[in-house]
Amino acid sequence: MNEDENVVDPSHPRYESLMLRKKVADAGVKGMLADSAMIAHGRGEAFDYLLGEQTIPSALEATREAAARLTRARRPVLSLNGNAIALAGQDFLTIASQLDCPIEINIFYRTPERMGALLGHLKMLNTKLGLDVEILGGIPDARIPGLEGPRAACQSNGIFEADTILVPLEDGDRCEALVAMGKEVLVIDLNPLSRSSRRGTVGIVDEVTRVTKNLIQLIPQRPEPTEWNNNQALQSALNHITSTMATRFQ
Ligand code: ATP
């Protein structure tokens, strides 16, 4: 970053990474995020660094599988937290419009102020894009079984009744609870070792803004679903990291 923390120098070799960090910082200032948001983002950055900040082949396969399952779902829903909205809100609205499905805002540390800020941001982007995507989460009337407190809150016409849910950067407990409800859970998480990656039906080990760009390309192609082996795909991601590390200074 520049001396002025609000300006990122385009000639900086880590420009794109710094721009993503700035998006999270700006969303924090707007009241859209919990205090821990930048820590969660930093954990993702660390894994992205190890992956070479690129979409590795197994991640592209996982993204294709997610596109296949989303296009064939009876009731798909995109479940978005604050970081996902801050980083890729516009692309998620495009994806929801391609799939003709709702977005449900589902945040771990739920406060009326934060929900209001996130709802307002998505509504503003909806208008800007000329879309009419249904945004849920503001009036929860159901609970995800097996979870305590406000993070279990959801909407019956959204997450609760969905058969297939795309969950970027999801908390491991909630991912597990959604799988226990019998749903197909498609996870986006740079950490192949996280509980979300391991518990989900399909784990996409890639940076969320790269995944959304790929999904927008893949969804119109309506790829065929496969017999997905999630452990094998996560192992491929780990192998990529370890083999890159093993040969780094040779
Ligand atoms: P677990 O699933 O093991 O319970 P966690 O809930 O403790 O993990 P968090 O601290 O909530 O994980 O962190 C969020 C997760 O999101 C991390 O695993 C991190 O790698 C991932 N993540 C953060 N930023 C991004 C991003 N931009 N793109 C994809 N994944 C990201």
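Student: What makes the reach of helix α10 close to the expected one?
Tutor: Helix α10 covers residues 230–246, 17 in number, and reaches 24 Å from its first C-alpha to its last. The expected span is 1.5 Å times one less than the number of residues. That gives 24 Å, so the two are close. A helix here is a DSSP run of H or I, at least four residues; a strand is a run of E, at least two; both are numbered from the N terminus. The model is predicted: local features need pLDDT of at least 70, side-chain atom pairs 80 or more, while totals for chains, interfaces and linings use all residues. Residues count from 1 along each chain, and side-chain values use heavy atoms, without hydrogens or water.

Student: Which residues of α10 are called buried?
Tutor: Asn230, Ala233, Leu234, Ala237 and Ile241. Buried means under 20% relative accessible area, exposed over 50%, partly exposed in between (1.4 Å probe, protein chains only).

Student: Why do they line one face of the helix?
Tutor: Seen down the axis of α10, they fall within an arc of 105 degrees, so they line one face. The arc is taken from directions between the helix axis and the C-beta atoms. The face turned away carries exposed Asn231, Gln232 and Ala246.

Student: What do the buried residues of α10 pack against?
Tutor: α2 (37–51), α3 (57–72), α8 (195–199) and β8 (202–204). Contact means heavy atoms within 4.5 Å.

Student: Why is one side of β8 left without a neighbour in the sheet?
Tutor: The open sheet runs β3-β2-β1-β6-β7-β8, with parallel pairing. Strands β3 and β8 stand at the edges, each with a single partner, so one side of each lacks a neighbour.

Student: What makes β7 and β8 a pair?
Tutor: Pairing needs at least two DSSP bridges. Three join β7 to β8, so they pair.
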